[in-house]
Amino acid sequence: MTQTNCILCGIPTNQDFCEPCILDLPQLPYNHCPVCLWPVPTSEICGACLNKPPAFTRTIATLRYAFPVDALIRALKYQANLSLASILGNLLIKKLKITNIIPDVIIPMPLHPIRLRERGFNQAMEISRHISKPMGIVVLPDSCTRIKHTPSQAGLPWKDRQKNIRNAFKCKIDLSGKHVALVDDVMTTGATLNELAQVLRQHGAIEISNWVIARALPE
Ligand SMILES: [Zn+2]
Ligand SMILES: [Zn+2]
């Protein structure tokens, strides 16, 4: 095995993370809603998802969005550290292999063309590209587009996010009978994923699994 250094603490290791650092990564609560990952005592569907079922079927996230995962994702997005798409993607693959749920196609969360031009790449596309082959699932990169250039969701109160993202997406493919894996880097409220999932349903998708690197949750 090739000797390298832990990307977090720098000690020599033969993987991306050393053993202590991997054990320290922020985990999802043990009991969580299978649809949105919100912590609940019994791992049943949470009240919010029961009251107003999202358009997606389930969410699978590798980790909780907290230090140092938030810093890694920011380095991927804002410093174009694209090696992190494969490093974080590998953690996601590990989790996906355990769940053994195999969608038909992968659709990366699209960026608006203006944001894509600013950033130079779409992190969701980079993650999708990396996980496609080991999962044996094709990516449909240009099937959906973001037609509304919204202010960054990060600056908005949670309740305004659903409104902000409304009618933001357009899809041009037939997904009749398909189970779609919707890939993104972070799920915060799930408003953006839900909005795209609704459009995918309108195009015939019958099942939608969110595959995200990290889920933001209250402490
Ligand atoms: Zn380490
Ligand atoms: Zn839920």
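## Exercises on two zinc sites, a disulfide and a core

Cys36 and Cys49 are both buried. The model is a predicted one.

**Exercise 1. Which residues coordinate the zinc ion (ligand 2), and where do Cys36 and Cys49 lie in the chain?**

Step 1. List the donors. The zinc ion (ligand 2) is held by the SG atoms of Cys33, Cys36, Cys46 and Cys49, at 2.3 Å.

Step 2. Read the spacing. Along the chain these donors follow C-x2-C-x9-C-x2-C.

Step 3. Place the pair. Cys36 sits in the loop between H1 and helix H2 (47–51), and Cys49 sits in helix H2. The two are 13 residues apart, and the pair links distant parts of the chain.

Step 4. Check burial. Buried means under 20% relative accessible area. Cys33 has 0%, so Cys33 counts as buried. Cys36 and Cys49 are buried too.

**Exercise 2. What geometry does the site of the zinc ion (ligand 2) have?**

Step 1. Take the angles among the four donor atoms. They run from 104 to 115 degrees.

Step 2. Apply the cut-off. Four donors count as tetrahedral if all angles lie between 85 and 135 degrees.

Step 3. Conclude. The site of the zinc ion (ligand 2) is tetrahedral. For reference, the ideal angle for four tetrahedral donors is 109.5 degrees.

**Exercise 3. Describe the site of the zinc ion (ligand 1), then sort Cys9 and Cys21 by exposure.**

Step 1. Name the donors. Cys6, Cys9, Cys18 and Cys21 coordinate the zinc ion (ligand 1) through SG, at 2.3 Å.

Step 2. Give the spacing and the shape. The pattern is C-x2-C-x8-C-x2-C. With donor angles of 103 to 117 degrees, the site of the zinc ion (ligand 1) is tetrahedral.

Step 3. Locate two donors. Cys9 is in the loop between strand E1 (4–5) and strand E2 (12–13). Cys21 is in helix H1 (residues 19–24), twelve residues from Cys9.

Step 4. Sort them. Cys9 has a relative accessible area of 41%, so Cys9 is partly exposed. Cys21 has 14%, so Cys21 is buried.

**Exercise 4. How many disulfides are there, and which residues form a disulfide?**

Step 1. Apply the cut-off. A disulfide needs two cysteine sulfur atoms within 2.5 Å. The count comes to one disulfide.

Step 2. Identify the partners. The sulfur atoms of Cys144 and Cys171 are 2.3 Å apart, and these residues form a disulfide.

Step 3. Assign the hand. The angle about the S-S bond is 105 degrees, and the link is right-handed.

Step 4. Map the ends. Cys144 belongs to strand E6 (residues 144–146), and Cys171 to strand E7 (residues 169–171). They are 27 residues apart.

Step 5. Test burial. Cys144 is at 5% relative accessibility, so Cys144 counts as buried. Cys171 is at 9%, and is therefore buried as well.

**Exercise 5. Which way do the residues of strand E4 point, and which strands pair with E4?**

Step 1. Recall the rule. In a regular strand the side chains alternate between the two faces of the sheet.

Step 2. Apply the rule to E4 (residues 105–108). Val105 and Ile107 point one way, and Ile106 and Pro108 point the other way. All are buried.

Step 3. Find the partners. E4 pairs in the parallel sense with strand E5 (residues 138–139) over two bridges. Four bridges join E4 to strand E8 (residues 179–187), also running parallel.

Step 4. Match residues. Val105 stands opposite Val138 in E5. Pro108 stands opposite Val183 in E8.

**Exercise 6. Which elements supply the largest nonpolar core, and what does Leu182 touch?**

Step 1. Size the core. The largest nonpolar core has 34 residues. Val180, Leu182, Leu196, Leu200 and Ile208 have the most contacts inside it.

Step 2. Assign the elements. E4, E7, E8, helix H8 (191–202) and strand E9 (207–215) each give at least two residues. H8 gives the most, with six residues.

Step 3. Follow Leu182. Leaving out residues up to four places away in sequence, Leu182 touches Ile107, Leu193, Leu196, Ala197, Leu200, Ile208, Ser209, Asn210 and Trp211.

Step 4. Look beyond. Another core, of 31 residues, lies apart from the largest one. Leu76, Ile93, Leu96 and Ala181 are among its members.

**Exercise 7. Is Tyr78 buried or exposed, and how many Å lie between Tyr78 and Met187?**

Step 1. Place Tyr78. It lies in helix H3 (residues 69–78).

Step 2. Use the area. Exposed means over 50%. Tyr78 has a relative accessible area of 56%, so Tyr78 is exposed.

Step 3. Give the separation. Tyr78 and Met187 are 17 Å apart, C-alpha to C-alpha, and 109 residues apart in sequence.

Conventions:
Residues are numbered from 1 along each chain as its sequence is written. Chains are lettered from A and ligands numbered from 1 in the order in which they are written. This is a predicted model: local features need pLDDT of at least 70, side-chain atom pairs count only at pLDDT 80 or more; totals for chains, interfaces and linings use all residues. Side-chain values use heavy atoms; hydrogens and water are left out. Donors are N, O and S atoms within 2.8 Å of the metal (3.2 Å for Na, K and Ca); water is not among the atoms, so sites may look incomplete. Four donors count as tetrahedral if all angles lie between 85 and 135 degrees; four count as square planar and six as octahedral if opposite donors are over 155 degrees apart and all others between 65 and 115; anything else is irregular. Buried means under 20% relative accessible area, exposed over 50%, partly exposed in between (1.4 Å probe, protein chains only). Two strands pair if DSSP finds at least two bridges between them. A nonpolar core is a set of buried Ala, Val, Leu, Ile, Met, Phe, Trp, Tyr and Cys residues joined through side-chain atoms within 4.5 Å. Contact means heavy atoms within 4.5 Å.
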